[in-house]
Amino acid sequence: MTWFIDADIMEQKTGFLTQIKLNFSQVWPEKLTFRSWRAQFYNHYFGTRRVRETWWRKLLILWIVGWFLVCIWILCFMNSIQSDKRKEMLGNMCDERARMLQDQFNVSMNHLQALAILVSTFHHAKNPSAIDQATFARYAERTAFERPLTSGVAYAVKVLHSDRDRFEKSQGWTIKKMYSSKKSPSEVQGQEISPVADEYAPVIFAQDTYRHVISLDMLSGHEDRENILRARASGKGVLTAPFPLVKSNRLGVILTYAVYKSELPINATPSERVKSAIGYLGGIFDIEALVDKLLHQLACKQAIMVNVYDTTNGQVSMYGANLTGPGICHVSALNFGDPMRKHQMHCRFTNKPPPPWLAITTSFGTLVIALLIGHIFYATVNRIAKVEDDYRKMMELKKRAEAADLAKSQFLATVSHEIRTPMNGVLGMLQMLMDTYLDVTQQDYVRTAQASGKALVSLINEVLDQAKIESGKLELEAVPFDLRVVLDDTLSLFCGKAQEKGLELAVFVSDEVPETLIGDPGRMRQIITNLMGNSIKFTERGHIYLTVHLVDEIKNSLEFQTDKQNTLSGFPVAERRRSYEHFSVFQAELDSEKQSFISNSDLSDQISLIISVEDTGVGIPSEAQSRVFTPFMQVGPSISRIHGGTGIGLSISKCLVGLMKGEIGFSSIHKTGSTFSFTAVLSRNYNSNSNEYKSSEFHGMNALIVDHRIIRAEVTNYQLKRLGIKSELTTELSQFLPKLLNNNTKSGIKMVLIDKETWSKESQIWPSSQPNLPKLFILASPTLKRNSLAFKDKDLNIIMKPIRASMLHVSLERALFGDKNKYKNGMMNGSNPSLGSLLHGKKILVVDDNIVNLRVAAGALKKYGAEVTCTHSGKRAIGFLKPPHDFDACFMDIQMPEMDGFEATKRIREMEATLNELIKHDETSQVFNGKIVPNWHIPILAMTADVIQATHEQCIKSGMDGYVSKPFEGEQLYREVARFFKSNTKLS
């Protein structure tokens with residue numbers, strides 16, 4: 001096989017390219033630039049499977065580790081931010097409490113100072129004093145709200161030792177010592193008298209809560225003494241160190257202000273202040289109670305622990321438990337107005353800090369997102385890599401499929417050629433045998449052999465068509481053709497089979513259908529042949545009826561309902577409308593695609609036909625109707641065994657209808673019959689010729705059609721119209737017979753055509769002895785018995801069904817004009833006089849390497865009067881056709897040894913072009929054998945068994961003028977030859 005040889009060549013080429021690649025790879029580092037090296041590196045490491053197994057996996061691990069570290073940093077960072085915020089909040093809370101404590105202490109200091117001025121004014125400056133204990137206590141109690149941090153106030157007067165006795169007598173009590181050396185400071189010292197000293201400071205006024213301190217010598221206490229001495233020397237308020245308060249034993253401090261007997265200047269010296277001091281006002285501060293009160297006022301959600309310390313001489317706790325720990329601690333400085341003493345407030349949160357959930361969730365969420373991104377990226381890379389692998393595999397499979405398709409096409413072409421070549425010889429020789437003198441038995445044998453050969457060729461054509469459809473290489477022609485002639489040819493094809501089965505076979509084409517259309521007549525014939533072939537195959541009684549109408553004609557009319565009683569043969573049929581009612585062209589609303597097609601097409605040029613084939617066969621069971629158009633599928637397993645066939649005819653027909661922009665459907669009733677309908681979009685041909693059967697000899701004639709079935713009468717009327725004969729229709733002869741007898745010459749009726757069934761009923765009333773009667777024609781079915789009573793003693797003209805225009809033309813002309821020598825059995829003597837007139841005397845060269853094919857082709861051409869020269873080689877054909885020569889045409893085989901037909905045609909066209917150039921420049925003579933030949937171009941027709949489209953295209957590309965497939969017949973030969981010899985009688 002040729003593809004195996006090609007495969008070996010490709011393998012050798014692949015090895016050659018591989019060797020070049022290896023040689024190039026050894027020197028590429030020296031010659032490639034940096035950019036090329038980078039591209040080579042990328043393609044080598046990042047474009048193969050290795051990248052997915054190593055590099056991308058490492059990159060994914062690096063991605064995960066990197067983002068894990070980033071998430072840990074995010075956790076630490078957000079935790080530190082939260083800790084800083086917690087510290088800031090603690091500092092704000094601590095500073096706020098320290099500030100409020102300090103502010104309220106300052107307010108208390110100011111009021112104590114004012115109270116000291118009050119005592120100086122109304123006690124020492126008045127004589128007698130305006131203040132006594134009751135007045136002082138009541139005033140201090142009422143103004144306590146102005147001193148929010150003081151728990152009590154007291155006033156001690158300065159008494160010298162020389163004035164002690166007088167003072168004690170005036171007060172009525174003795175000056176007592178503040179603390180006893182034997183008792184704790186919390187006990188009241190009421191019995192011990194203050195020892196002798198130079199100076200005393202007994203308390204004379206006190207708030208009711210501190211009445212127990214009256215008469216106590218403030219100078220007898222160590223802290224109070226230092227406080228008083230510093231206060232009178234500085235002239236400012238002075239604080240004591242924390243000490244247990246008398247009686248309550250709670251830590252407290254005393255703020256002391258000195259009272260002077262006269263207003264001192266601002267720059268007074270300490271000694272001047274000491275001499276002017278006359279008393280001392282002290283404010284008592286219960287630190288624990290005051291701080292508790294303040295914290296209660298500032299209570300919030302975040303509970304904090306507060307400690308107040310005196311840090312003048314070390315750290316002395318004034319409030320709170322002296323606890324230390326790892327928690328956050330904030331220190332706020334306190335300024336109580338005494339520069340000699342320092343105080344601090346330490347704050348801590350009571351509860352432990354909560355876990356950093358925001359930091360944990362954020363870092364964990366970031367890690368999850370990073371892992372998801374990594375997974376998506378990794379999955380995407382793998383997916384892309386998989387798609388690339390699948391794409392490579394797909395491309396490899398595509399190449400294999402294309403190679404397999406090419407191999408299949410080549411196989412089909414080769415098998416077709418190898419089968420058609422001997423079949424051409426068989427059929428050709430059988431045809432030549434038929435042209436000899438044979439007896440009836442021999443003729444039957446030859447016809448049987450021809451039918452079998454044509455059936456084999458038809459099967460080959462179907463298989464090739466199916467292969468073309470599967471590969472999408474099936475194309476349609478667009479040539480003018482007469483649809484009625486195509487239908488006549490199809491009818492002639494099945495005439496014999498219909499006569500054998502006794503079936504009515506008829507064709508009806510609407511008058512609205514143009515005579516000539518533009519389309520593919522071969523494919524149209526193939527569709528109709530497939531449908532009618534199936535009808536013939538599955539119908540044993542009744543009829544087969546083919547109709548052609550315009551789609552618009554059916555859409556706009558209600559006359560196309562099938563009457564089950566009024567049929568061609570009287571047998572019931574399937575409803576025809578059901579076979580096409582689902583077509584889109586019959587729907588109320590077309591889809592957008594159809595509307596676009598209609599709006600964009602030229603409605604005046606495009607016409608839509610609907611063709612129906614109706615039969616009264618076995619029908620299709622409902623369970624098998626869904627697979628009717630499936631290739632190689634048949635209704636049942638017994639169908640192929642009983643009726644034969646491959647089951648691809650309807651599948652091919654559906655594809656061909658689709659290429660014609662149409663639809664196909666069917667309606668079938670089991671054991672009743674089937675109706676297949678399809679639509680096709682064709683173009684009008686405005687350059688059409690008149691009907692070839694409308695000759696002047698029948699023009700103006702009238703005829704009478706008698707048939708009790710209206711449909712059969714319409715079919716006969718349709719065929720007569722094609723001959724130019726006007727007809728009248730009647731269902732009974734008796735109704736129209738008086739008119740024929742009384743005025744037969746004026747009626748204008750020259751002929752009466754009556755169906756054989758009607759004639760059997762009314763033959764007795766026909767006046768055969770009456771002169772000048774119209775010619776009588778019996779339309780007989782194949783089952784007619786010539787010796788029946790209805791046909792005895794009658795000079796009848798019998799026209800056998802199915803009626804065709806050509807046969808009807810011959811029969812009428814023979815009966816009316818008596819030209820019986822020209823016709824034999826309804827056919828003209830001679831095979832094809834038109835083809836004979838074209839080929840007579842023409843010199844034709846036939847080139848084929850097969851001796852049998854040479855004899856067949858030469859015999860077929862000689863039969864039509866051509867002078868044939870044969871040769872078996874393309875090289876020899878070049879010698880014969882080297883211009884100048886005297887050949888009129890050439891039939892050349894394609895597949896030949898040494899030089900095929902394509903190469904030989906190219907060489908011939910080159911020689912003709914060279915000679916034409918010489919003639920054009922007057923370098924050689926145009927005269928050859930006494931005739932002027934201005935341009936040399938011999939028609940070359942390809943003669944091959946290949947029927948694929950690629951072969952046809954290659955023929956045209958190589959310079960050939962036509963295409964004749966083996967085995968060829970007279971009609972095909974005439975169609976190709978007429979293209980050249982109708983317009984040219986010699987080379988041109």
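Does S569 count as buried or exposed, and at what relative accessibility? Keep that residue in mind; the tour returns to it after a look at the whole chain.

**Whole chain**

Start with everything shown as a cartoon. This is a predicted model. The chain has 988 residues, and 44% of them count as buried. Its secondary structure comes to 26 helices and 35 strands. Among contacts in the chain with a separation of 6 or more, 72% are between residues 24 or more positions apart.

**Stop 1: S569**

Select S569 and show its side chain. S569 sits in the loop between helix 13 (551–555) and helix 14 (592–600). Its relative accessibility is 14%, so S569 counts as buried, the cut-off for that label being under 20%. Now add H543 to the selection. The side chains of S569 and H543 make a polar contact of 2.5 Å. To see the rest of the surroundings, add E504, G542, T616 and R709: together with H543, these are the residues in contact with S569 once its neighbours within four places in sequence are left aside.

**Stop 2: the disulfide**

Next select C94 and C347 and show them as sticks. A disulfide is a covalent bond between the sulfur atoms of two cysteines. A search of the whole structure finds 1 disulfide, and it is formed by C94 and C347, with their sulfur atoms 2.1 Å apart. This pair links distant parts of the chain: C94 is in helix 3 (residues 49–124), C347 is in strand 14 (residues 343–349), and 253 residues separate them. Turn the view to look along the S-S bond of C94 and C347. The torsion about that bond is about 75°, so the disulfide is right-handed.

Switch on a surface and check both ends. C94 has a relative accessible area of 0% and is buried; C347 is also buried, with a relative accessible area of 0%. Two further cysteines can be selected here. C495 counts as buried at 8% relative accessibility, and C955 counts as buried at 0%.

**Stop 3: helix 12 and helix 16**

Hide the surface and select residues 521–538, which are helix 12, and residues 649–659, which are helix 16. Two packed helices are described by the angle between their axes and the distance between the axes. The axes of helix 12 and helix 16 come within 9 Å and cross at roughly 145°. The crossing of these two helices is left-handed.

Show side chains at the contact. On helix 12, pick R523, Q526, I527, N530, L531 and N534; they meet G649, L650, I652, S653, L656 and V657 on helix 16. Colour these residues by type: the contact of helix 12 with helix 16 divides into 6 nonpolar, 5 polar and 1 charged.

**Stop 4: D755**

Finish by selecting D755. Where is D755 placed in the secondary structure? D755 lies in strand 24, which covers residues 749–755. At 1% relative accessibility, D755 counts as buried.

What does the side chain of D755 reach? Add R712 first: the side chains of D755 and R712 are joined by a polar contact of 3.0 Å. Then show the backbone of E757, whose nitrogen is reached by the side chain of D755 at 3.0 Å. Last, add V706, D707, L779 and K801; along with R712, they are the residues D755 touches when those up to four places away in sequence are not counted.

Definitions and conventions. Residues numbered from 1 in each chain as written. Predicted model: local features only at pLDDT ≥ 70, side-chain atom pairs only at ≥ 80, totals over all residues. Heavy atoms only, no water. Disulfide = S-S within 2.5 Å. Helix = DSSP H or I, 4+ residues; strand = E, 2+ residues; numbered from the N terminus. Buried < 20%, exposed > 50% of the residue type's maximum accessible area, 1.4 Å probe, protein only. Axes fitted to C-alpha atoms, helices over the stretch in contact; angles between N-to-C directions. Left-handed = near helix turned anticlockwise from the far one by under 90°. Contact = heavy atoms within 4.5 Å. Nonpolar A, V, L, I, M, F, W, Y, C, P; charged D, E, K, R; others polar. Polar contact = N/O pair within 3.5 Å; in protein donor to acceptor, adjacent residues only side chain to side chain.
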